[in-house]
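Q: Please take a close look at the salt bridges of this structure. Which side chains meet in them, and how exposed are the partners?

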Amino acid sequence: MIRVLIADDQEMVRMGFRMILDAQDDIEVVADVADGVSAVSKARELRPDVCLLDIRMPGLDGLEVTRQLAGPDVADPLKVVVVTTFDLDEYVHTALRNGAHGFLLKDAGPALLIEAVRAADRGDALVSPQITIRLLKHFDGGTPKSPATPPSEPLTARELDVVKAAARGLTNTEIGAELFLSLSTVKTHLASVQGKIGARNRVETAAWAWRNGVVS
(Lines give C-alpha, C1' and ligand atoms only; values in the text may rest on other atoms or scores of the structure.)
Protein backbone atom coordinates (compact mmCIF):
# COMPACT_ATOMS: atom_id res chain seq x y z
CA MET A 1 0.00 0.00 0.00
CA ILE A 2 1.09 3.56 -0.76
CA ARG A 3 0.62 5.51 2.48
CA VAL A 4 -0.39 9.14 1.92
CA LEU A 5 -0.59 12.25 4.10
CA ILE A 6 -2.82 15.12 2.96
CA ALA A 7 -2.24 18.70 4.13
CA ASP A 8 -4.73 21.38 3.09
CA ASP A 9 -6.49 24.10 5.06
CA GLN A 10 -9.83 23.39 3.35
CA GLU A 11 -11.71 20.49 4.91
CA MET A 12 -13.72 19.82 1.74
CA VAL A 13 -10.51 19.43 -0.27
CA ARG A 14 -9.05 17.00 2.28
CA MET A 15 -12.28 14.99 2.28
CA GLY A 16 -12.38 14.91 -1.53
CA PHE A 17 -8.76 13.80 -1.86
CA ARG A 18 -9.25 11.16 0.81
CA MET A 19 -12.31 9.73 -0.95
CA ILE A 20 -10.50 9.60 -4.30
CA LEU A 21 -7.34 8.00 -2.92
CA ASP A 22 -8.90 5.60 -0.42
CA ALA A 23 -11.00 4.19 -3.26
CA GLN A 24 -7.80 2.83 -4.85
CA ASP A 25 -6.71 -0.68 -3.97
CA ASP A 26 -3.05 0.34 -3.62
CA ILE A 27 -3.39 3.68 -1.76
CA GLU A 28 -4.23 4.42 1.89
CA VAL A 29 -4.59 7.90 3.44
CA VAL A 30 -2.94 7.67 6.86
CA ALA A 31 -3.56 11.27 7.97
CA ASP A 32 -4.97 14.60 6.89
CA VAL A 33 -4.05 17.91 8.54
CA ALA A 34 -5.08 21.54 8.11
CA ASP A 35 -1.82 23.47 8.60
CA GLY A 36 1.86 23.38 7.76
CA VAL A 37 3.20 22.84 11.27
CA SER A 38 0.99 19.77 11.71
CA ALA A 39 2.04 18.56 8.26
CA VAL A 40 5.72 18.56 9.22
CA SER A 41 5.04 16.95 12.60
CA LYS A 42 2.73 14.21 11.29
CA ALA A 43 4.94 13.47 8.29
CA ARG A 44 7.99 13.01 10.48
CA GLU A 45 5.99 10.85 12.88
CA LEU A 46 4.26 8.62 10.33
CA ARG A 47 6.82 8.65 7.49
CA PRO A 48 4.17 8.33 4.74
CA ASP A 49 5.24 7.24 1.27
CA VAL A 50 3.82 10.42 -0.28
CA CYS A 51 2.79 13.80 1.16
CA LEU A 52 0.18 15.88 -0.71
CA LEU A 53 0.64 19.53 0.25
CA ASP A 54 -1.34 22.67 -0.48
CA ILE A 55 0.72 25.86 -0.78
CA ARG A 56 -1.30 28.39 1.21
CA MET A 57 -1.70 26.98 4.72
CA PRO A 58 -1.56 28.49 8.22
CA GLY A 59 1.62 28.21 10.23
CA LEU A 60 3.98 27.13 7.47
CA ASP A 61 3.15 27.31 3.79
CA GLY A 62 3.47 24.26 1.58
CA LEU A 63 6.71 25.45 0.03
CA GLU A 64 8.44 25.64 3.41
CA VAL A 65 6.93 22.31 4.46
CA THR A 66 8.31 20.81 1.25
CA ARG A 67 11.77 22.17 2.04
CA GLN A 68 11.69 20.76 5.57
CA LEU A 69 10.50 17.33 4.45
CA ALA A 70 12.19 16.89 1.08
CA GLY A 71 14.78 19.63 0.64
CA PRO A 72 18.39 19.17 -0.45
CA ASP A 73 19.61 19.31 3.17
CA VAL A 74 17.22 16.63 4.45
CA ALA A 75 19.09 13.42 5.26
CA ASP A 76 16.15 11.08 4.65
CA PRO A 77 13.72 13.05 2.46
CA LEU A 78 10.06 12.23 2.03
CA LYS A 79 8.28 12.34 -1.31
CA VAL A 80 6.12 15.41 -1.76
CA VAL A 81 3.52 16.37 -4.36
CA VAL A 82 2.29 19.97 -4.23
CA VAL A 83 -1.39 20.36 -5.17
CA THR A 84 -2.66 23.93 -5.46
CA THR A 85 -5.05 26.29 -7.20
CA PHE A 86 -2.24 28.77 -7.85
CA ASP A 87 -0.60 28.35 -11.25
CA LEU A 88 2.33 30.68 -10.60
CA ASP A 89 5.80 30.00 -11.98
CA GLU A 90 7.51 31.17 -8.80
CA TYR A 91 5.56 28.63 -6.75
CA VAL A 92 6.36 25.81 -9.16
CA HIS A 93 10.06 26.68 -9.30
CA THR A 94 10.35 26.92 -5.52
CA ALA A 95 8.42 23.72 -4.88
CA LEU A 96 10.60 21.68 -7.23
CA ARG A 97 13.82 23.26 -6.00
CA ASN A 98 12.70 22.39 -2.48
CA GLY A 99 12.47 18.72 -3.46
CA ALA A 100 8.86 18.20 -4.61
CA HIS A 101 8.28 15.16 -6.83
CA GLY A 102 5.28 16.71 -8.53
CA PHE A 103 3.15 19.82 -8.92
CA LEU A 104 -0.55 19.57 -9.72
CA LEU A 105 -3.37 22.04 -10.04
CA LYS A 106 -6.46 21.13 -8.06
CA ASP A 107 -8.53 21.09 -11.24
CA ALA A 108 -6.25 18.47 -12.82
CA GLY A 109 -8.81 15.77 -12.01
CA PRO A 110 -8.84 12.51 -10.01
CA ALA A 111 -6.89 10.47 -12.57
CA LEU A 112 -3.88 12.81 -12.50
CA LEU A 113 -4.01 13.04 -8.71
CA ILE A 114 -3.85 9.26 -8.42
CA GLU A 115 -1.08 8.99 -11.02
CA ALA A 116 0.93 11.73 -9.29
CA VAL A 117 0.83 9.78 -6.03
CA ARG A 118 1.88 6.56 -7.75
CA ALA A 119 4.61 8.36 -9.71
CA ALA A 120 6.05 9.96 -6.58
CA ASP A 121 5.98 6.63 -4.74
CA ARG A 122 8.11 4.99 -7.44
CA GLY A 123 10.52 7.93 -7.49
CA ASP A 124 9.17 9.47 -10.67
CA ALA A 125 7.55 12.87 -11.01
CA LEU A 126 4.41 14.29 -12.53
CA VAL A 127 3.60 17.91 -13.26
CA SER A 128 0.25 19.14 -14.57
CA PRO A 129 0.49 19.00 -18.37
CA GLN A 130 -0.66 22.58 -18.84
CA ILE A 131 2.39 23.93 -16.99
CA THR A 132 5.06 21.33 -17.74
CA ILE A 133 6.75 22.85 -20.77
CA ARG A 134 6.34 26.44 -19.61
CA LEU A 135 7.79 25.45 -16.26
CA LEU A 136 10.82 23.70 -17.69
CA LYS A 137 11.58 26.38 -20.28
CA HIS A 138 11.69 29.01 -17.55
CA PHE A 139 12.91 26.83 -14.72
CA ASP A 140 15.93 29.02 -14.12
CA GLY A 141 13.98 32.26 -14.08
CA GLY A 142 14.91 33.24 -17.61
CA THR A 143 18.65 33.31 -16.97
CA PRO A 144 20.94 32.50 -19.91
CA LYS A 145 21.64 28.85 -20.53
CA SER A 146 25.13 27.76 -19.67
CA PRO A 147 26.89 24.47 -18.94
CA ALA A 148 27.15 25.35 -15.23
CA THR A 149 26.48 21.80 -14.10
CA PRO A 150 28.53 19.42 -16.25
CA PRO A 151 27.82 15.70 -15.83
CA SER A 152 30.34 13.56 -14.00
CA GLU A 153 30.84 11.69 -17.28
CA PRO A 154 29.47 12.34 -20.80
CA LEU A 155 25.95 11.27 -21.61
CA THR A 156 25.58 8.71 -24.38
CA ALA A 157 23.67 9.60 -27.53
CA ARG A 158 20.71 7.49 -26.41
CA GLU A 159 20.73 9.06 -22.96
CA LEU A 160 20.60 12.48 -24.59
CA ASP A 161 17.63 11.38 -26.69
CA VAL A 162 15.81 10.25 -23.55
CA VAL A 163 16.65 13.45 -21.67
CA LYS A 164 15.41 15.62 -24.53
CA ALA A 165 12.13 13.72 -24.59
CA ALA A 166 11.73 13.98 -20.82
CA ALA A 167 12.43 17.71 -20.99
CA ARG A 168 9.57 18.06 -23.46
CA GLY A 169 7.25 16.63 -20.82
CA LEU A 170 6.86 13.11 -22.22
CA THR A 171 6.11 10.25 -19.85
CA ASN A 172 8.30 7.13 -19.79
CA THR A 173 5.72 5.28 -21.87
CA GLU A 174 5.63 8.08 -24.46
CA ILE A 175 9.43 8.22 -24.57
CA GLY A 176 9.59 4.48 -25.18
CA ALA A 177 7.06 4.72 -28.01
CA GLU A 178 8.86 7.65 -29.65
CA LEU A 179 12.35 6.14 -29.39
CA PHE A 180 11.33 2.48 -29.83
CA LEU A 181 12.62 1.53 -26.39
CA SER A 182 11.13 -0.70 -23.72
CA LEU A 183 9.84 0.93 -20.54
CA SER A 184 12.63 -0.67 -18.50
CA THR A 185 15.26 0.65 -20.92
CA VAL A 186 13.87 4.19 -20.63
CA LYS A 187 14.01 3.92 -16.83
CA THR A 188 17.57 2.59 -17.00
CA HIS A 189 18.69 5.51 -19.18
CA LEU A 190 17.01 8.06 -16.91
CA ALA A 191 18.58 6.51 -13.82
CA SER A 192 22.00 6.61 -15.47
CA VAL A 193 21.55 10.25 -16.43
CA GLN A 194 20.41 11.20 -12.94
CA GLY A 195 23.55 9.62 -11.51
CA LYS A 196 25.78 11.50 -13.93
CA ILE A 197 24.22 14.93 -13.39
CA GLY A 198 23.33 14.58 -9.70
CA ALA A 199 19.56 14.86 -10.21
CA ARG A 200 17.10 13.24 -7.81
CA ASN A 201 14.16 12.84 -10.19
CA ARG A 202 12.98 13.42 -13.76
CA VAL A 203 11.93 17.01 -13.08
CA GLU A 204 15.45 17.93 -11.95
CA THR A 205 16.78 16.04 -14.99
CA ALA A 206 14.52 18.00 -17.35
CA ALA A 207 15.40 21.26 -15.64
CA TRP A 208 19.11 20.48 -16.07
CA ALA A 209 18.49 19.89 -19.77
CA TRP A 210 16.78 23.27 -20.21
CA ARG A 211 19.39 25.14 -18.17
CA ASN A 212 22.28 23.63 -20.08
CA GLY A 213 20.86 24.04 -23.57
CA VAL A 214 20.35 20.33 -24.23
CA VAL A 215 16.91 21.28 -25.55
CA SER A 216 15.79 24.55 -27.07
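A: The following account takes up the salt bridges and their surroundings.

The model is a predicted one, and the count of salt bridges in it comes to twelve. Among them is the contact between the side chains of Asp32 and Arg18, with an N to O distance of 2.8 Å. This pair links distant parts of the chain: Asp32 lies in strand β2 (residues 27-33) and Arg18 in helix α1 (residues 11-22), 14 residues apart. Asp32 has a relative accessible area of 30% and is therefore partly exposed; Arg18, at 27%, also counts as partly exposed. Both residues belong to a network of salt bridges in which Arg14, Arg18, Asp22 and Asp32 are linked.

A further salt bridge joins the side chains of Arg118 and Asp26, at 2.9 Å from N to O. Here too distant parts of the chain are linked, since Arg118 is in helix α5 (residues 110-121) and Asp26 in the loop between α1 and β2, 92 residues apart. The relative accessible area is 27% for Arg118 and 28% for Asp26. Buried would require a value under 20% and exposed one over 50%, so Arg118 is partly exposed, as is Asp26.

The side chains of Arg122 and Glu115 also form a salt bridge, with 2.7 Å between N and O. Arg122 is partly exposed at a relative accessible area of 47%, and Glu115 is partly exposed at 29%. As a general matter, side chains of opposite charge can pair when their charged atoms come close.

Terms used: Residues numbered from 1 in each chain as written. Predicted model: local features only at pLDDT ≥ 70, side-chain atom pairs only at ≥ 80, totals over all residues. Heavy atoms only, no water. Salt bridge = Lys/Arg side-chain N within 4 Å of Asp/Glu carboxyl O. Helix = DSSP H or I, 4+ residues; strand = E, 2+ residues; numbered from the N terminus. Buried < 20%, exposed > 50% of the residue type's maximum accessible area, 1.4 Å probe, protein only.
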